[in-house]
Amino acid sequence: MVVASNMAMGVKCVTDLFSPYQLGKFNLSHRIVLAPMTRCRAINEIPNEALLKYYTQRSTPGGLLITEGTLISQTAAGFAHCPGIYTDQQVQEWTKVVDSVHAKGAIIICQLWHVGRVSNQGYQYEGGAPISSTNKGLTDRWRILMPDGSHEKCTPPRALTKPQILEVVQDYRQAALNAIRAGFDGVEIHGAHGYLIDQFLKDEINDRTDEYGGSLENRTRFLTQVVQSVVEAIGAENVAVRISPAIDHFDALDSNPLELGLAVVDRLNKLQTELGSKLAYLHVTQPRFTAQGVVDKPAEEAKADAKLLRKLRDAFEGSFVSSGGYTKELGMQDLGQGDADLVAFGRLFISNPDLVDRFKVNAPLNKYDRTTFYTHDPVLGYTDYPFLGEE
């Protein structure tokens, strides 16, 4: 672990999962973050009592929560019953969730999400084609879970025109304003995992020949415009970004993930310098996370992945959140080595609403049930996992 001496106080500060952290204006009491995870419980895209209970269960004083991907517009959906943040009703219902989380002393960030081509016409207005950076569809290995429980192929997308791109930028801006109106402590722009922003970033997807395609400067332009617009609306300290340059989820491949990641970091750093203000954080997903779960890669490949993440961490001028297949031990290791400031946990937080307390006392963890990850039941596999002493 990292041990920093404080000569004036005569004490030593240990950096681990349970050490405090100053995240901008927020005093975090520990470094265990609820990762954003799609859960499909917001019936008809409206947050409800089930979401309120779920997030409240996982709230701790001084703890940080990031919501599941939250739809920024009617075109953003690709999964059943994911919450939105683009209507007044959605804002009103999110307010109840946020108030409940705040009452527990926690901080909650809204992740802004557009799936792009990872969708089916059944989710699109009047059955239209999903939007993307490209007209290329996903390979047949990918299927979309439909509201009736069936799995369908993704519908081939339509490439956005330049005026349409700017309209989507405005959708992100308005969604951010709506999130602040709902009481959220900030927003995280989801630029990872093969969704819309990642479809512009990755050169195996983006085949454009205009100023949004080709060079790294062009491929990062859409993300940069989104971040700039959102920052202008709600302030840099309330805006975070998530990327996954080395992850191929939904065919999101890039020929040089490190170069891409560093290009994104460079643009974010320059934006911070221009603003004279830091973003809330940069959130990067570990390459070991895949569609099949966490993969134990060969030693050399795992070493290369760790090196890539460390380069991004060292390059970014601000707080760094890491996620993807973490155990308590891996989290302690990465914090101790200085590879992250905060660690986000996903599946372990699904099955352990009191994960922070369990980690503190080294208590056994509830096992998660994959079969209930994306069901629509308001309780089963969602809010029914027991707390310590309830087993």
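## An aromatic cluster

Five residues, Tyr54, Tyr55, Trp94, Phe184 and Tyr382, are joined into a cluster by ring pairs. The model that shows this cluster is a predicted one.

Across the whole structure, a search finds 16 aromatic pairs. One of them is formed by Phe345 and Phe359, whose rings meet edge-to-face, with 5.3 Å from centre to centre and 70 degrees between the planes. This pair links distant parts of the chain, since Phe345 lies in strand E18 and Phe359 in helix H11 (residues 355-361), 14 residues apart. Both Phe345 and Phe359 are buried.

## The barrel

Strand E18 also belongs to a closed barrel of eight strands, which runs in the order E5-E6-E7-E12-E13-E14-E17-E18 with parallel pairing. From one strand to the next, the twist averages 25 degrees.

Helix H1 (residues 49-57) packs on the sheet and touches two of its strands, E5 (32-34) and E6 (64-71). The direction of helix H1 makes about 150 degrees with that of strand E6.

## Strands E17 and E18

Strand E17 covers residues 320-323, and strand E18 covers residues 342-345. These two strands pair in the parallel sense over three bridges. Within this part of the barrel, Val321 has Leu342 of strand E18 as its bridge partner.

Strand E18 thus appears in two settings: it pairs with strand E17, and it holds Phe345, the residue whose ring is paired with that of Phe359 in helix H11.

Note on methods
Residues numbered from 1 in each chain as written. Predicted model: local features only at pLDDT ≥ 70, side-chain atom pairs only at ≥ 80, totals over all residues. Heavy atoms only, no water. Pairing = 2+ DSSP bridges. Helix = DSSP H or I, 4+ residues; strand = E, 2+ residues; numbered from the N terminus. Axes fitted to C-alpha atoms, helices over the stretch in contact; angles between N-to-C directions. Contact = heavy atoms within 4.5 Å. Phe/Tyr/Trp six-rings, centres within 6.5 Å; stacked < 30°, edge-to-face > 60°. Buried < 20%, exposed > 50% of the residue type's maximum accessible area, 1.4 Å probe, protein only.
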